[in-house]
Amino acid sequence: MAGAETIRIVTEELAPYNYTEKGVLTGFSTEIVQAILKDIKIEGKFQSMPWARAYESAINNENVLIYSIGRTPQREKLFKWVGAIAPASNYLFAYAGHDIKIRQLADAKKYQTGSVNTDIGEQFLESQGFVKGKNLQSSVKYQLNYEKLKLGRIDLWVMNEMAAYHLVRQSGDDPAKTLVKVYKLDLSENGYFLAFGQKTSDKLVNRFRQGMENIKKNGTFDTIKKKWTSAEIN
């Protein structure tokens with residue numbers, strides 16, 4: 001719409017939450033953001049980029065919305081949180097047939113774990129004493145880690161369940177036959193969020209909070225959630 005207020009919106013390629021298909025950004029979380037924008041009559045300029053770049057863009061600039069971002073104590077004061085938009089259960093996955101037993105997280109330090117630069121899994125493991133180049137292998141794309149896992153170049157893969165299963169299916173494999181959950185990680189309460197950096201005004205953040213509340217009240221949120229989650233975990 002001509003003359004409409006526009007904000008910048010950043011995310012990464014993390015299907016089925018946010019990903020590019022035939023040149024168009026789509027996904028569970030993307031549709032939630034689009035519904036909020038429609039409700040509050042703001043236009044969004046969406047950009048998909050490596051996570052570390054999106055993360056820094058939201059922190060260092062005003063009026064930049066980031067999604068889907070996990071909410072952790074480490075990140076709490078860096079952002080103004082709009083609200084939770086999508087569930088996420090995070091695990092250390094092994095490749096089927098590999099005998100890896102982990103009773104406590106420290107047991108995983110003797111293995112090579114694939115992570116993505118600055119994402120929630122990597123930040124958490126680093127906070128627990130894991131070290132890049134030693135027992136953490138950092139990538140810029142999630143699919144690279146699944147490929148490494150299949151080839152035996154890493155032993156473990158830190159990933160959320162819905163995205164992992166989607167990626168494995170996109171690779172032509174059956175996650176029930178290729179992935180084993182060896183350890184559950186409690187990373188982000190209530191899954192993935194929308195957030196702005198601290199430079200963004202409370203007024204704008206509150207408009208988005210109200211928009212989220214509105215789409216939950218009118219049923220739009222649940223409709224989008226059912227559409228995406230019913231197809232992904234089975």
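The second largest pocket has a lining that divides into four nonpolar, two polar and three charged residues. The model is predicted. The lining of this second largest pocket consists of Glu-12, Glu-13, Ser-48, Met-49, Pro-50, Val-140, Lys-141, Tyr-142 and Gln-143. Its volume is about 160 Å³.

**The largest pocket**

The largest pocket holds about 220 Å³ of space. Three elements each give two or more residues to its lining: strand E2 (19-21), helix H4 (142-151) and helix H5 (161-170). H5 gives the most, with four residues. The lining has 13 residues in total. Nearest the centre lie Ala-15, Gln-143, His-166, Leu-167 and Gln-170. Gln-143 also appears in the lining of the second largest pocket.

| Pocket | Volume | Nonpolar | Polar | Charged |
|---|---|---|---|---|
| Largest | about 220 Å³ | six residues | five residues | two residues |
| Second largest | about 160 Å³ | four residues | two residues | three residues |

**Nonpolar cores**

In soluble globular proteins, nonpolar side chains tend to be buried together. Here the largest nonpolar core has 49 residues. Those with the most contacts inside it are Tyr-17, Leu-65, Trp-157, Met-159, Leu-179, Leu-194 and Phe-208. Helix H1 (residues 28-40) supplies the largest share of this core, seven residues. A second core is separate and has 16 residues. Ile-102, Phe-130, Val-182 and Leu-187 are among them.

Take Met-159 from the largest core. Leaving out residues up to four places away in sequence, Met-159 touches Leu-14, Ser-89, Asn-90, Tyr-91, Phe-93, Tyr-142, Ala-164 and Leu-167. Two of these contacts lead back to the pockets. Leu-167 is one of the residues nearest the centre of the largest pocket. Tyr-142 lines the second largest pocket.

**Two contrasting residues**

Thr-113 sits in strand E8 (residues 113-116). Is Thr-113 buried or exposed? Thr-113 counts as buried, because its relative accessibility is 0%, and the cut-off for buried is under 20%. Beyond four places in sequence, Thr-113 touches Leu-92, Leu-125, Asn-135, Leu-136, Gln-137, Ile-154, Leu-156, Trp-157 and Val-158. Trp-157 is also among the residues with the most contacts inside the largest core.

Lys-77 lies in the loop between strand E5 (64-70) and strand E6 (79-86). Lys-77 counts as exposed because its relative accessible area is 75%, and exposed means over 50%. In sequence, Lys-77 and Thr-229 are 152 residues apart. In space, the C-alpha to C-alpha distance between Lys-77 and Thr-229 is 30 Å.

Notes: Residues numbered from 1 in each chain as written. Predicted model: local features only at pLDDT ≥ 70, side-chain atom pairs only at ≥ 80, totals over all residues. Heavy atoms only, no water. 1 Å grid on protein atoms, 1.4 Å probe; cavity = no way out; pocket = protein on both sides within 12 Å on 5 of 7 lines; lining within 4 Å. Points joined across faces, edges and corners; volume = space filled by probe spheres on them. Nonpolar A, V, L, I, M, F, W, Y, C, P; charged D, E, K, R; others polar. Core = buried A, V, L, I, M, F, W, Y, C linked by side-chain atoms within 4.5 Å. Buried < 20%, exposed > 50% of the residue type's maximum accessible area, 1.4 Å probe, protein only. Contact = heavy atoms within 4.5 Å.
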